[in-house]
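Here is a short tour of two features in one chain, a sheet and a pair of helices. Have the model open as you read.

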Amino acid sequence: MKILSKLFDQKISAYNVLAEIEVAEYETLIKEIVYSNEFQRRRVRSSKSVYSLLKSDLLEGCVIPSIFLALTSDEIDAEDASFDDISDVLVRKKSDLVILDGLQRTLNILELLEDLRERQGDELERFEKSTLRLEFYVGINRIGILYRMLTLNTGQTPMSLRQQIEMLYLDYADRKIADVLIVKEADGKTAKEVNEYIFKDLIEGYLAYLEKSPLPIDRGRLLEDIAAIDKLSKKNQAADIDLFEQFCTSLNTFVSHVNSLCGDSGVDPKFLKDHGKPFGESVPEIFKRSQSIAGYGAALGRLIDMEVVSDFASANILTESILELDEEESAMFLTNVNESLLWLKTHSKKIGNAQREYFVWFFREFFNPDSDSFKDLVLAAESALNKYKSLNFGD
Amino acid sequence: MDTSWTLKSYSNAKYIFEDQNDKRILFDCPLDLPDAVDNENYHIRLLEKSGVIENDTRIVRCRNRKEVVGGWLIPLLALESSEHSKSEDDHFLLVASTALSILFAKPMEYLNFETLKGSDENFLLTDLLNEDVVLFFYDASVLGNLSIDHNLPVNFISMGYVLRSQARNRDLKLSVPPISESTVYVNFYSEDVTSTDLIFEILHNNYAYQENVVLRFFLLYQVLELMSDIVLDHEYRLVSKELSKNSLSLDEIRTNIDKINKNSKLGRRINLLFRNYCDVDSELRLNLDSACNDFRDALIDDDQSKVFPENLYSVRNTVFHGYASLDPGLVEEKLEAIVQALLGITPALLSSFSLERRSKNFHQDNALDS
């Protein structure tokens with residue numbers, strides 16, 4: 001691999017490194033991550049004729065557009081590093097590479113190599129020696145990667161926005177962030193313990209935080225939001241604080257603390273008798289579900305944006321400042337939440353969306369010092385429904 | 001060339017479609033669906049209900065065969081979510097799986113893929129149809145062959161369900177009070193009702209999309225008039241049959257001839273329709289009666305009280321002949337109540353209409369008339 005130049009990208013505070021690489025070397029560099037990453041290896045089918053055209057172009061020595069990658073490892077400071085050092089790190093830390101743009105081209109190259117090996121002709125050697133252009137982003141944080149992914153993939157997109165973001169944070173799955181253990185449902189695991197969370201749900205909550213909305217988002221809106229959070233990007237890149245980690249630990253602070261406050265309290269037995277299975281019988285059952293996590297993200301996103309809450313750490317302090325909740329209050333809190341959610345179930349066009357909106361209001365009421373329900377779980381559970389009703393049903 | 005999609009594969013509630021260029025799109029159902037049941041009696045029709053919510057899944061039973069389930073009404077929204085009350089109900093999941101397999105067997109017949117954005121890979125059913133669409137899954141061995149539009153249950157309209165319009169740009173205006181029961185009982189057109197295709201057209205393609213309350217009133221009244229034509233025809237037949245008897249006295253002949261004259265009037269035919277041809281629930285009748293009286297009290301300066309259904313005919317005449325002199329706001333308010341009551345009673349009239357019932361009470365009526 002030959003490094004040709006490096007340029008500083010002011011927007012995302014990272015270096016863009018231009019390189020040339022032979023196809024055979026690219027295969028060695030990228031094969032492991034393509035096949036080990038469930039998102040990267042996804043083959044998105046489009047027209048057969050487009051594929052065969054691209055393959056024949058590649059064989060004829062056509063120069064294809066640069067493939068963009070990002071190095072998520074922070075092992076090197078690209079500003080002072082020589083080209084050789086950069087090249088060395090890229091090869092050594094190849095498992096930390098993410099393809100930002102050019103996944104389909106990469107898959108085609110790998111597929112063509114396999115075809116040529118089966119055919120055992122002289123085309124293989126010629127193709128292996130042909131040159132590709134790569135652009136690496138080095139020293140980039142995840143928000144920067146997301147921003148670049150979104151700006152690069154402006155045309156036909158092979159992956160959904162959700163998949164791109166899941167891919168970006170995939171290395172968090174099955175590991176611990178402070179006290180939070182993230183599990184992937186796909187592996188057949190369940191988030192049984194209070195501090196265990198489903199990976200997809202956390203991603204949804206984090207997206208809701210970035211977007212300040214608990215509802216499904218579109219690429220354009222997210223891009224606008226990320227571009228607009230200039231201050232966020234500067235702050236966090238400078239301090240190298242991973243927002244995703246902050247989000248997860250903050251959510252867990254709320255769930256764990258409120259769970260310990262409620263102790264063994266449960267939903268009012270009369271409610272259970274009248275209505276059967278509730279949304280959730282305990283704090284983890286209610287607040288570890290995707291609707292609530294999205295509500296937490298969206299509410300904190302809005303409150304931080306409006307400077308009502310300064311950051312996740314302040315939210316954690318607020319949560320932990322509630323020192324006690326007696327048994328009656330705990331039961332009332334759990335019952336109020338379930339009663340509200342039951343009302344939404346029988347009146348909402350889309351139950352999941354309504355529940356997400358409800359939790360946004362719940363957390364906004366709870367964390368907002370100007371609200372009557374500030375730091376009052378019981379009241380917040382009630383007033384969140386009233387807010388939802390007044391906005392959606394004109395009550 | 002138009003894109004044509006076909007279901008390529010299915011596993012774990014993931015339905016993958018492919019077009020002629022091998023482009024793939026996916027519907028990933030969040031429900032834990034079992035394998036679909038293959039039964040030639042199972043069919044689907046697409047309905048629409050304004051403001052239908054995710055939790056609006058209902059079991060359909062035939063009013064005269066209450067012991068067996070005849071079908072299900074499933075909002076599309078309920079197939080895209082696992083939050084509603086039926087999402088873990090085994091019977092619902094089996095029906096949902098079977099209904100989806102029927103829907104996806106002929107995707108181009110039911111789904112509008114043109115609405116899919118170019119870059120989308122995953123789609124929702126509501127992307128291809130709309131959020132108000134309800135899938136009517138039915139068992140033809142219980143409910144009969146409903147493939148012809150006017151064979152659909154006659155009281156769907158009074159519950160807010162309309163056959164999905166082919167004209168995509170029309171907004172459904174039909175609005176009915178919410179249904180709280182999880183089971184709906186359906187009934188069908190009486191065999192004695194003719195012009196069912198026309199009546200279906202009036203109800204599903206005109207009434208359901210009409211916002212103006214006066215026009216809605218006349219559309220429903222039009223259905224009564226179509227039925228009153230059958231009444232007139234039958235009355236002629238009954239009188240003719242009566243006159244053909246050799247034993248009639250001169251008075252009896254005169255009475256029957258008078259009857260022809262009397263029954264040719266619309267008001268009288270509407271009267272006969274309600275009293276002698278149909279058997280409707282007294283609550284439905286009382287609702288309409290009371291709404292008509294309210295209208296008359298508020299808008300007609302007439303000391304002479306009218307009994308039901310003469311008061312309905314009187315309302316019709318007032319609106320038809322004197323609309324310009326009435327307070328439009330008050331007309332709208334009072335007529336809306338009549339229209340709602342009329343919408344409730346119309347399916348009962350259409351399903352209980354019986355020529356035989358009238359034939360049986362014809363002589364009794366003769367005695368009264370004489």
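In chain B, β1(B) is joined to strand β2 (residues 14–18) by 5 bridges, and the two run antiparallel. Strands here are DSSP runs of E with at least two residues, while helices are runs of H or I with at least four residues, numbered from the N terminus. Two strands pair if DSSP finds at least two bridges between them. Across this pairing, L7(B) stands opposite F17(B) in β2(B).

This is a predicted model, in which local features need pLDDT of at least 70 and side-chain atom pairs count only at pLDDT 80 or more, while totals for chains, interfaces and linings use all residues. Residues are numbered from 1 along each chain as its sequence is written, with chains lettered from A and ligands numbered from 1 in the order in which they are written.

The open sheet of chain B has 3 strands in the order β1-β2-β3, with antiparallel pairing. Its edge strands, listed here, each pair on one side only.

| Edge strand | Residues |
|---|---|
| β1 of chain B | 6–11 |
| β3 of chain B | 24–28 |

From one strand to the next, the twist averages 25 degrees.

Now for the helices. The axes of α9 (residues 282–299) and α10 (residues 310–322) of chain B come within 9 Å and cross at roughly 45 degrees. Axes are lines fitted to C-alpha atoms, for helices over the stretch in contact, and angles run from 0 to 180 degrees between N-to-C directions. That angle makes α9(B) oblique to α10(B) (under 35 degrees counts as roughly parallel, over 145 as roughly antiparallel, 65 to 115 as roughly perpendicular and the rest as oblique).
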